[in-house]
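Work through the three exercises below with the model open beside you. Try each task before reading its solution.

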Amino acid sequence: MADLQSIMGKGKVAVVTGAASGIGLAAAKLFASRGMAVVLVDNDRAKLADSRENVAAQSKNADAEIAAIATDVSDREAVAALERTVSEQFGDVHVLMNNAGIQPGSSLFGPEADWDRVLSVNLMGIIHGTRIFGPKMIAHGEPAMIINTGSKQGITTPPGDPAYNVAKAGVKAFTEALQHELRNTEGCQVNAHLLIPGFVFTPLAARGRTEKPDDAWTPEQTVDFMMESLERGDFYILCPDNDVDRATDEKRIAWAAGDIIENRPPLSRWHPDWGDAFARYLKT
């Protein structure tokens with residue numbers, strides 16, 4: 001694993017999608033504070049302009065090094081146009097953070113449009129970004145990284161929003177395959193990482209609330225934890241929050257995998273016949 005300064009220092013370039021708010025904005029600020037040129041990408045033009053100003057305040061050369069480009073990451077051609085613009089204006093990319101995501105809610109037999117939009121942004125947006133930016137990141141030969149934002153819901157797949165779970169489960173599988181591909185590519189200096197946030201108070205999770213709940217982390221806390229994990233070279237960046245610690249996350253993940261191994265009903269954690277067993281398991 002390359003030293004982060006060789007990836008995130010002065011003269012390096014970061015592209016962050018979903019950068020108008022939340023984790024993406026916090027990451028863009030941090031990258032700028034480290035001297036990187038930063039390209040903020042989002043589909044919300046109004047918020048994006050304000051966010052660029054916030055990030056610019058962290059940069060010593062904001063006019064030349066901080067840009068905001070409105071892009072719908074679900075549109076492959078739009079992402080390809082984004083890559084061309086970034087290449088022309090900034091050159092080689094050293095950090096690609098595929099973070100854009102939406103959560104309008106879904107039900108198994110609900111509106112098709114909800115499924116189409118969630119899958120196209122939360123899964124295909126990450127696939128488009130990686131497949132379009134990735135080859136040139138490998139080719140330029142300098143240390144670089146691709147950070148894809150997943151979710152615990154893509155691992156334990158709780159009932160309630162199946163489209164979101166399917167998309168984030170796909171992000172996990174895709175990013176694992178990506179890292180395998182990168183580490184088996186001769187001379188490749190690019191690594192992939194899967195960011196798995198806990199409960200973070202962002203516009204995506206706010207659901208009408210205006211004040212951060214006590215059990216949520218801020219986006220800044222999440223990005224700080226991400227950086228600590230990247231320093232260690234972690235692939236799985238499994239974030240806690242103020243309510244759920246790592247030990248609890250590990251037990252929930254292990255129980256979910258155990259449904260297959262033990263031949264339990266799917267999502268047995270929420271099954272009436274298995275709820276008590278899960279509660280006892282958590283206490284062990």
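**Exercise 1: A loop residue**

Asp214 is exposed, at 70% relative accessible area (exposed means over 50%, buried under 20%, partly exposed in between, with a 1.4 Å probe and protein chains only). This is a predicted model, where local features need pLDDT of at least 70, side-chain atom pairs count only at pLDDT 80 or more, and totals for chains, interfaces and linings use all residues. Residues are numbered from 1 along each chain as its sequence is written, and side-chain values use heavy atoms, with hydrogens and water left out.

Task: place Asp214 between its two helices.

Solution. Find α9 (203-206) and α10 (219-232); the loop between them holds Asp214. Helices here are DSSP runs of H or I, at least four residues; strands are runs of E, at least two; both are numbered from the N terminus. Next, go to Val244: C-alpha to C-alpha, Asp214 lies 12 Å from it, at 30 residues apart in sequence.

**Exercise 2: A residue in α5**

Task: decide whether Glu83 is buried or exposed.

Solution. Start in helix α5 (residues 76-90), where Glu83 sits. Glu83 counts as buried because its relative accessibility is 9%. Then list its contacts (heavy atoms within 4.5 Å). Beyond four places in sequence, they are Ile132, Phe133 and Lys136.

**Exercise 3: The core**

Task: find which helix or strand supplies the largest share of the largest nonpolar core.

Solution. A nonpolar core joins buried Ala, Val, Leu, Ile, Met, Phe, Trp, Tyr and Cys residues through side-chain atoms within 4.5 Å. The largest has 40 residues; Phe133 is among those with the most contacts inside it. The largest share, nine residues, comes from α6.
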